[in-house]
Amino acid sequence: MQLLDAGLLSLDDPAHKHVDPVLKRLNGTTLLQVWSGDARIQRVTVGQLLSMRSGINDYDDRAYEAFTLSNPNATVSPFDLLRTVNKTWMFPPGEGG
């Protein structure tokens, strides 16, 4: 919200506008690549993410918990998690909550 107050982003901005530069620099990918070319990810806005109206499926904590219990010495980066999250849609971006 500080970035919004400073005029550095709008809630209507597509999320990839702000996420892609970070993903590209740290992981060499974009949201579109992570979502296997599914163009709906390009329609997700900052506001939809903040209000849980993006349609992106819920994070599956149980799957990660089961993995870490089975592999207690494994190192998992945030980018490993991003590759494994459920990329099916709960609903089209902005059409649910």
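These are my notebook entries on a predicted model, taken from the whole chain down to single residues.

**Entry 1: the whole chain**

I began with the secondary structure and found six helices and zero strands in the protein, so that the order of elements from the N terminus reads α-α-α-α-α-α. I then looked up the extent of the C-alpha trace, which spans about 45 × 30 × 25 Å along its principal axes. For burial I noted that the protein has 97 residues, of which 25% are buried. The accessible surface of the protein comes to about 6700 Å², and carbon and sulfur atoms supply 56% of that area. Turning to contacts between residues at least 6 apart in sequence, I recorded that 66% of them join residues at least 24 apart.

**Entry 2: salt bridges**

I kept one general point in mind here, namely that side chains of opposite charge can pair when their charged atoms come close. How many salt bridges does the structure hold? I found three, and I went through them in sequence order.

The side chains of Asp-13 and Lys-17 meet in a salt bridge with an N to O distance of 3.9 Å, which falls within the 4 Å cut-off and is therefore counted. Is Asp-13 buried or exposed? I put Asp-13 down as buried because its relative accessibility is 12%, and the limit for that class is under 20%.

Asp-38 forms a salt bridge with Arg-40, and their closest N and O atoms are 2.7 Å apart. Arg-40 counts as partly exposed, because its relative accessibility is 32%.

Arg-83 forms a salt bridge with Asp-80, with the closest N and O atoms 2.6 Å apart. Both Arg-83 and Asp-80 lie in helix α6, which covers residues 78-84, and the two are three residues apart, about one turn of the helix. Asp-80 has a relative accessibility of 29%, so I entered Asp-80 as partly exposed.

**Entry 3: Gln-33**

I next looked up Gln-33, which has its place in helix α3, residues 31-34. With a relative accessible area of 46%, Gln-33 is partly exposed. Which residues does Gln-33 touch, if those up to four places away in sequence are not counted? I found Lys-24 and Gly-28. I also noted that the side chain of Gln-33 reaches the backbone nitrogen of Thr-30 at 2.8 Å. Arg-83, already entered for its salt bridge with Asp-80, is 50 residues from Gln-33 in sequence, and their C-alpha atoms are 10.0 Å apart in space.

**Entry 4: Ala-63**

For another pair separated along the chain, I took Ala-63, which lies in helix α5, residues 61-70. The C-alpha atoms of Ala-63 and Val-22 are separated by 26 Å, and the two residues are 41 apart along the chain. Ala-63 is partly exposed, with a relative accessible area of 43%.

**Entry 5: a nonpolar patch**

Last, I looked at the surface for nonpolar side chains. Met-1, Leu-11 and Leu-50 form a nonpolar patch there, and together they have about 320 Å² of accessible area. Where is Leu-11 found? I placed Leu-11 in the loop between α1, residues 2-5, and α2, residues 15-27. Leu-11 is partly exposed, with a relative accessible area of 33%, and Leu-11 can therefore be part of a patch, for which the cut-off is over 30%.

Conventions. Residues numbered from 1 in each chain as written. Predicted model: local features only at pLDDT ≥ 70, side-chain atom pairs only at ≥ 80, totals over all residues. Heavy atoms only, no water. Helix = DSSP H or I, 4+ residues; strand = E, 2+ residues; numbered from the N terminus. Buried < 20%, exposed > 50% of the residue type's maximum accessible area, 1.4 Å probe, protein only. Contact = heavy atoms within 4.5 Å. Polar contact = N/O pair within 3.5 Å; in protein donor to acceptor, adjacent residues only side chain to side chain. Patch = residues over 30% accessible without salt bridge, like charges linked within 9 Å, V, L, I, M, F, W, Y side chains within 5 Å. Areas by Shrake-Rupley, 256 points an atom, 1.4 Å probe, with all protein chains shown as cover.
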